[in-house]
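Trainee: I am new to this structure and would like a close look at a single part of it. Could you walk me through one helix?

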Amino acid sequence: MDLEKYKKVIENAIQAEIEAKEFYEKISKGVKNEYLKELFEKFAKEEKKHEVILSNVLSTANKILLF
């Protein structure tokens, strides 16, 4: 896979993580059960971590392209 295709795959994955985070945040705000609320908030935080990791990978790929 060439680097541009690799970057596009990572960009799509980042977008999916953002959408998943937003989904879990929305669900957490709509449930009354405290256990479920906390569970979905944790899921949202995990998705944010994935977004950060993938953004770092993408940043590294961009640096490689500069050389």
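Mentor: Happily; here is a walk along helix H1.

This is a predicted model, where local features need pLDDT of at least 70, side-chain atom pairs count only at pLDDT 80 or more, and totals for chains, interfaces and linings use all residues. Residues are numbered from 1 along each chain as its sequence is written, and side-chain values use heavy atoms, leaving out hydrogens and water.

Helices here are DSSP runs (H or I, at least four residues), numbered from the N terminus. H1 covers residues 3-30. At its start, a side-chain oxygen of Asp 2 comes within 3.2 Å of the backbone nitrogen of Glu 4. How does the span of H1 agree with what its 28 residues should give? At 1.5 Å a residue (times one less than the number of residues), the helix should span 40 Å, and its end C-alpha atoms are 41 Å apart, so the two agree.

Now for its buried residues, meaning those under 20% relative accessible area with a 1.4 Å probe, protein chains only. In H1 these are Lys 7, Ile 10, Ile 14, Glu 17, Ile 18, Lys 21, Tyr 24 and Ser 28. Lys 21 counts as buried because its relative accessibility is 15%. Beyond residues up to four places away in sequence, Lys 21 touches Ala 44, Glu 47, Lys 48 and Glu 51; contact means heavy atoms within 4.5 Å.

Ile 14, setting aside neighbours within four places in sequence, contacts Glu 51, Leu 54, Ser 55 and Leu 58.

Key:
Helices (H or I, at least four residues) and strands (E, at least two) are DSSP runs, numbered from the N terminus. Buried means under 20% relative accessible area, exposed over 50%, partly exposed in between (1.4 Å probe, protein chains only). A polar contact is a pair of N or O atoms within 3.5 Å; within protein, one must be able to donate a hydrogen and the other to accept it, and residues adjacent in sequence count only if both atoms are side-chain atoms.
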